[in-house]
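Here is a short note for a colleague who has not yet looked at this structure. Please read the points with the structure open.

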Amino acid sequence: MLQSAQLSTDVAPEETADKTADRRIARRSEELHLRNFDVSREHTLTVRVSDDDGLVFANRYYLTPGKTVSELGRIPPGEYEVRVELDGRRQQTATCEIGERPSKTALVEVGNGTVSLTEGLYR
């Protein structure tokens, strides 16, 4: 008598659902991610995002020690000039491709009196 074959998988159904959810989340990565690594100093950060047609997004942030801020759904996918100004003194400008993946997020990090601006959450 033939026995019915049973499919064997190494992944439990709930793990598959988790991976599907992770892919959906990864497609919705924020456009801007700002971090203040200073543990005792607050900072004011001004961000301006422009394309060939002009200003697309601008905002000023007050970052308390250790604070992280994200912007999601505010900037359409594309290539932009991103300019950040820390406490009205230090500036950084970079060309960033902004999109739906974490690698297409403009990352602004503040700490020790400096500001850095890079493309991508994971380097």
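The points below cover the basis of the model, one sheet, the nonpolar core and one residue.

1. This is a predicted model, in which local features need pLDDT of at least 70 and side-chain atom pairs count only at pLDDT 80 or more, while totals for chains, interfaces and linings use all residues. Numbering starts from 1 along each chain as its sequence is written, and side-chain values use heavy atoms, leaving out hydrogens and water.

2. Four strands form an open sheet in the order β4-β1-β7-β8, with mixed pairing. Strands here are DSSP runs of E, at least two residues, numbered from the N terminus; two strands pair if DSSP finds at least two bridges between them. At the edges are β4 (68–71) and β8, each pairing on one side only.

3. β1 and β4 run antiparallel and are joined by four bridges. Within this pair, H33 stands opposite S70 in β4.

4. The largest nonpolar core (buried Ala, Val, Leu, Ile, Met, Phe, Trp, Tyr and Cys residues joined through side-chain atoms within 4.5 Å) has 22 residues, of which L34, L45, V47 and V82 touch the most other members. Buried means under 20% relative accessible area, with a 1.4 Å probe and protein chains only. The largest share of this core, four residues, comes from β5.

5. E81 lies in strand β5 (residues 78–86). Its relative accessible area is 37%, so E81 counts as partly exposed, the class between buried and exposed (over 50%). Beyond its neighbours within four places in sequence, E81 is in contact (heavy atoms within 4.5 Å) with R48, V49, S50, T93 and A94.
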